[in-house]
Structure formats: structure tokens, C-alpha cells
Amino acid sequence: MSLTVEQVKERNQDLIKEVLEVYPDKTAKRRAKHLGTFEEGKPDCGVKSNVKSIPGVMTIRGCAYAGSKGVVWGPIKDMIHISHGPVGCGQYSWAARRNYYIGTTGVDSFVTMQFTSDFQEKDIVFGGDKKLEKIMDEIQVLFPLNKGITVQSECPIGLIGDDIEAVSKKKSKEYDGKTIVPVRCEGFRGVSQSLGHHIANDTIRDWIFDKGDKHPEFVGTPYDVAIIGDYNIGGDAWASRILLEEMGLRVIAQWSGDGSIAELENSPKAKLNVLHCYRSMNYISRHMEEKYGIPWVEYNFFGPSKIEASLREIASHFDDKIKEGAERVIAKYRKMMDAVIEKYKPRLADKTVMLFVGGLRPRHVIGAYEDLGMNVVGTGYEFGHNDDYQRTTHYVKDGTLIYDDVTGYEFEKFVEKIQPDLVGSGIKEKYVFQKMGVPFRQMHSWDYSGPYHGYDGFAIFARDMDMAINNPVWGLTKAPWK
């Protein structure tokens, strides 16, 4: 028997109260502000966000270095990104996000390679500036086709005060003006990887845009757009780019999956920035709007309903040629989408999902699930800000459980009590829930699948959700509550 909305709200509040009872009073009071139930008509989701995690809980967040190197800068394929500090941070962030790219690895593309200054005790004591200079010299000899270098600072760099800016400027002059970007993304900065996104955006502004026009030969068109905040995980940006080009637009830059430094440099010449991951790239989008007059629009290419709405929204910024192109693209893929839904919706209808992811996915993927007849009953952000939760109100239903920076304990208890048919979260949570007998999909990097963006991606998304939920393996194991 299904519950009414009011019964769901009452159950959620009882569940939150039960979860908080295990904490000391002060901790319970702090965590209570991050847990709630969405009330339809409210301007946000009613939870506090973007504050420091409580020491001692099992948070799922990352650090500023992860936000800069692992998200924003790392996928730029023709630059070399030095993890400046001890080897562990670089090793752990090595090619973990499946940022696909076209190029020859080690020759003109370097995304899946790892460059580290491998700090030792003597470097902490005496400083690592000379070591950083030597590394850059070696890079120039071994990888002469690289188009630039970034220095991704790890925690010790900020603590000992190394002057990576001076080294970068010095070496840039030695290498005839090569772009070398120092990024102060030490992991201790901020409360999560979100500040790393912001820092990386600011370095693009200061060390790329503010260095002048390096491509005066560029010839623009009225239909030039830049894809911002798509990291091409599993080929997502390619699946999105196809649709934009089919409707008549010219994509002059991808940020930053399969992107190049030349694309970054040419971005201020776009007529429109189409923004996928609002959280990680809204800063540079706002800057380009203020300085260059380039409007930006957030789009959602998860599931046919949201794709159609997004294509029309993007087209509304152009003339009738592009508007007609958008309708042509929608019509072209409608039969294919109907076939996907006809195949998988009977197998997935009324199944329930709980999400906990970063960036935009706690809200953007909801439409794709709903296109398959599924219901998202709980969602939350690792490092969301208040404006993320405001945007989420347009996606979630009345009574949805909301949890910000959820702890490992809280998430397990929520799943145990609500008993969803599927959990979508990250690699740290995957095996916990699978051992509990709960179907799971890794929604950070698509569980080695993808793309999930665009019309082609939706077919893969539907297949993967069906494989997860209806896999016969779940008949061979039991969840603790069964």
C-alpha cells in the first residue's frame, strides 16, 4: 500500500529524528539543519549547506585540490597538470573520472598520465621551488608538444609558503611565453571540493583570459557556442555536442572534457555559453557575461523531456534557423526515445530511487528517471550551495527526503528504512549498499558505462538502470530488512 504525501512527510520526520538520536546533543543540533523534507511551494529545500563537515563523521566530500585538478583543470587534454606535493594526492586522483578525449597519450594529450613532484621530508624543510623548476624543465624535454602547464598545489605547498606564482612566471618567460598556471588549490582550503572549482575558475580568468587574444586569426559566426561544465565522462560531451551541431550551432569550446587550451582562450568569442554543471562553472560563466557580454543558460540533457526543454531554451537565444533546427532534432529522435521508453518503462515503472551525488546530478537526473516512470524519493548534494537547493525545487516532488552532506551512517539508515529499489551515489557508497542487497549505480562516473547525456545517452541510461534493478543476482542475496 502506497503512502500519501502527508504520511511520507511524517515518516521522513520520524526517520530524521531517529537518525539524530545517536549523536551528541551539539552534533545532533548541527546535523538537523542539513536534513529535511521538501515542502511544495517553498523557495528552497529547507536545508543548510556549504558549511564545514563535522569532525568524526564519515563525510563523502572531497577537497579543493580534487575540485581543481580532478574536475576543472585535469580534463584539459593538451596541458600537463603537475600534482605539486606528496605523491598520494596525485596517485589517488589519477584518471579516476573517465574523462574521454581524442589524442595520442604522451604525445599531444596527457589526461590519463600523472605528473607529481613527489614531495619528501627535505622538500618540506627546504622548500620545493627548485624541484618544481626542474620538473618543468624535464617536461619541456620529454613532452615538447604540450601546450601549457598547471601547478596543482597540495596541502604542504600552502603550509610552507612555496612561491609557485614566481616559478610559473619565471619559467613562462624562459619558454617563450608558454602558459603556466599556478593554482592555489591546497586541500585544506574551504569546506569541500567546491572551493577548488571556484579557485580553478579564477585562475582561468586571471591566467588565460587576462593574457589577451592569442588567436586573432579566429573567424566567428553568429552561431558560436561554448559547452561549459561538461567533463565528457564516458563521452557525455560528445553526445551533447552532436545535438547542438545538428540544430545548426557551432561548438567552439568544450570545458573541459576533451578540451584544449586553445578552446579556453577562444571562449570569450562565443555568442552563448551553455552551462551543464552549474556548481563547478557558474563563476566563469558569470565573469564572461559581465566582462564580455556573453549570456549563459543552464541546460539539462538527461532524458528526453529535459533534452527537449533545453534544446528549445538554447534555441530561443538565436534566430528562426536555430529554432527550426531544434524542432528538427527533437522530431528526429522522438521515435527512438519512444522505443526506449516502451521497452524499459514496463520494467521500471513505480520503482523508487535515492540519490546522493555532487555537482548537478542530484537534480538533473530526476527527469530521466521520471521519463522511465520511476520516482526519486530522496536526494542530496555532497557540496551543494543554497542556490543548488533552490534550483532543485523545480525537480523534486512534495515530500522528497533531502539530505545535505549526508554522513555514511545517516545514508545507510535512510536506505534501510525507506527501502528504495535503487541507490545512485558514488564509489565509496557502492559496495556498502550492494552488500546490503540494494541495487546500485555509480552516478559520478556512470559505473564504467555511458554516455548518459543526450538521446544516445538516455538509451544507455535506461538499459543500465534496468540491469541494476532487475538483475537476477538480487534473488540470491537478502537485504538486512528482509
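1. For what follows, Ala, Val, Leu, Ile, Met, Phe, Trp, Tyr, Cys and Pro count as nonpolar, Asp, Glu, Lys and Arg as charged, and the others, Gly among them, as polar. On that scheme, the lining of the largest cavity has five nonpolar residues, one polar residue and one charged residue.

2. The structure is a predicted model, in which local features need pLDDT of at least 70 and side-chain atom pairs count only at pLDDT 80 or more, while totals for chains, interfaces and linings use all residues. Residues are numbered from 1 along each chain as its sequence is written, and side-chain values use heavy atoms, with hydrogens and water left out.

3. A search of the whole structure finds one cavity of 30 Å³ or more, a cavity being a set of points, on a 1 Å grid over the protein atoms alone, where a 1.4 Å probe fits but cannot get out. Its volume is about 40 Å³, taken as the space filled by probe spheres set on the points, which are joined across faces, edges and corners. The lining residues (those with an atom within 4 Å of a point) are A239, I242, L243, Y333, G454, Y455 and D456. Two elements, α10 (236–246) and α20 (454–469), give two or more residues each to this lining; helices (H or I, at least four residues) and strands (E, at least two) are DSSP runs, numbered from the N terminus.

4. An open sheet of six strands follows the order β1-β12-β11-β10-β13-β14, with mixed pairing, where two strands pair if DSSP finds at least two bridges between them. Because β1 (35–37) and β14 (440–442) stand at the edges with a single partner strand each, one side of each is left without a neighbour in the sheet. Neighbouring strands here are turned by 25 degrees against each other on average, direction ignored; axes are lines fitted to C-alpha atoms, for helices over the stretch in contact, and angles run from 0 to 180 degrees between N-to-C directions.

5. Within that sheet, β10 (residues 352–355) and β11 (residues 375–379) run parallel and are joined by three bridges, and V353 has V376 in β11 as its bridge partner. Helix α1 (residues 5–20) lies across β1 and β12 (401–403), at about 170 degrees to β1. Helix α19 (residues 427–435) also packs on the sheet, where it touches β13 (422–425) and β14, and its direction makes about 165 degrees with that of β14. Contact means heavy atoms within 4.5 Å.

6. How many of the residues of strand β4 (residues 148–153) are buried? Six of the six are, so the strand is largely enclosed by the rest of the structure; buried means under 20% relative accessible area, calculated with a 1.4 Å probe and protein chains only. G148, T150 and Q152 point one way from β4, whereas I149, V151 and S153 point the other way. Parallel partners of β4 include β2 (residues 79–84), joined by six bridges, and β5 (residues 179–183), joined by five. H84 has S153 as its bridge partner in β4, and Q152 stands opposite V183 in β5.

7. V181, in strand β5, counts as buried at 0% relative accessibility. Its C-alpha atom is separated by 6.3 Å from that of I149, 32 residues apart along the chain. Not counting residues up to four places away in sequence, V181 touches W73, I149, T150, V151, S168, T203, W207 and I208.

8. S168, found in helix α8 (residues 164–174), likewise counts as buried at 0% relative accessibility. With residues up to four places away in sequence again left out, S168 touches M136, V151, I180, V181 and P182.

Note on methods: 1 Å grid on protein atoms, 1.4 Å probe; cavity = no way out; pocket = protein on both sides within 12 Å on 5 of 7 lines; lining within 4 Å. Buried < 20%, exposed > 50% of the residue type's maximum accessible area, 1.4 Å probe, protein only.
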